[in-house]
Amino acid sequence: MKEKLLISACLCGKNTKYNGKNNLLLKLSDLEKSFDLHLICPEVMGGLPIPRDPSEIKGDFVFSSQGKNVTKEYQLGAQRALRIALKNDIRIALLKESSPSCGSFQVYNGEFTHEKIPGEGMTTKLLRKHNILVFNENQITDLLNFIK
Ligand code: SF4
């Protein structure tokens with residue numbers, strides 16, 4: 001049986017990004033061969049529309065570029081993503097780097113100046129709290145080696 005993988009929907013070509021586009025991975029077919037993919041988009045699952053204003057993390061909160069506090073939607077999306085992982089007994093995730101939901105090593109600095117700082121998205125943080133390993137799209141080789 002294939003290992004299960006929680007994966008950002010935008011990495012699978014779904015147009016769930018804030019601007020209505022996606023981040024389709026060239027190596028998606030390699031992943032499909034090795035994993036049973038479970039797609040999530042925490043921002044949409046938290047009730048945000050497509051398209052939507054971009055948002056960034058500031059402290060414990062998330063704000064849109066228009067200054068709207070969208071922390072609740074981000075938290076709800078994270079909880080729903082976690083529920084899917086736990087229900088399906090998923091122990092690994094591959095999430096889009098730098099997103100305020102899915103980032104794993106860095107996020108934007110909260111000032112909308114296109115600068116990144118070390119940090120993790122709200123969903124990544126919650127998944128890691130529950131011992132789910134989170135990789136990003138730059139670590140696909142590591143991820144494939146991990147399950148060998
Ligand atoms: Fe992709 Fe995650 Fe943003 Fe959804 S929340 S568009 S899955 S990076």
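What is the volume of the largest pocket? In this predicted model, the largest pocket has a volume of about 560 Å³. Its lining is made up of 27 residues. Among these, Lys-17, Tyr-18, Ser-99, Pro-100 and Tyr-108 lie nearest the centre of the pocket. Two elements, α2 (42-45) and β3 (55-58), each contribute at least two residues to this lining. Sorted by class, the lining comprises 12 nonpolar, eight polar and seven charged residues.

The largest pocket is also the site of the ligand, which sits in it. Around the ligand there are 14 residues. Those that come nearest to the ligand are Cys-10, Thr-16, Cys-41, Glu-43 and Cys-102. In terms of class, the shell around the ligand consists of six nonpolar, four polar and four charged residues. The ligand shell and the pocket lining are thus described by separate counts: four charged residues belong to the shell, and seven charged residues belong to the lining of the largest pocket.

Attention may now turn to the second largest pocket. The space in this pocket amounts to about 150 Å³. The residues that line it are Tyr-74, Gln-75, Ala-78, Gln-79, Met-122, Lys-125, Leu-126 and Lys-129. Two elements, α3 (71-87) and α4 (122-129), give two or more residues each to this lining. By class, four of the lining residues are nonpolar, two are polar and two are charged. The charged residues in this lining are Lys-125 and Lys-129, whereas Gln-75 and Gln-79 are the polar ones.

The strands provide a further part of the picture. Four of them form an open sheet in the order β2-β1-β5-β8, and their pairing is parallel. Because β2 (35-40) and β8 (133-136) stand at the edges and each has a single partner strand, one side of each is left without a neighbour in the sheet. On average, neighbouring strands of this sheet are turned by 30° against each other, with direction ignored.

Which strand pairs with β8 over four bridges? The partner is strand β5, residues 92-95, and the two strands pair in the parallel sense. Within these strands, Ile-92 stands opposite Leu-133 in β8. The edge position of β8 is therefore reflected in the order of the sheet, where β8 follows β5 at the end.

Methods: Residues numbered from 1 in each chain as written. Predicted model: local features only at pLDDT ≥ 70, side-chain atom pairs only at ≥ 80, totals over all residues. Heavy atoms only, no water. Near = heavy atom within 4 Å. 1 Å grid on protein atoms, 1.4 Å probe; cavity = no way out; pocket = protein on both sides within 12 Å on 5 of 7 lines; lining within 4 Å. Sits in = over half its atoms within 2 Å of the grid points. Nonpolar A, V, L, I, M, F, W, Y, C, P; charged D, E, K, R; others polar. Points joined across faces, edges and corners; volume = space filled by probe spheres on them. Pairing = 2+ DSSP bridges. Axes fitted to C-alpha atoms, helices over the stretch in contact; angles between N-to-C directions.
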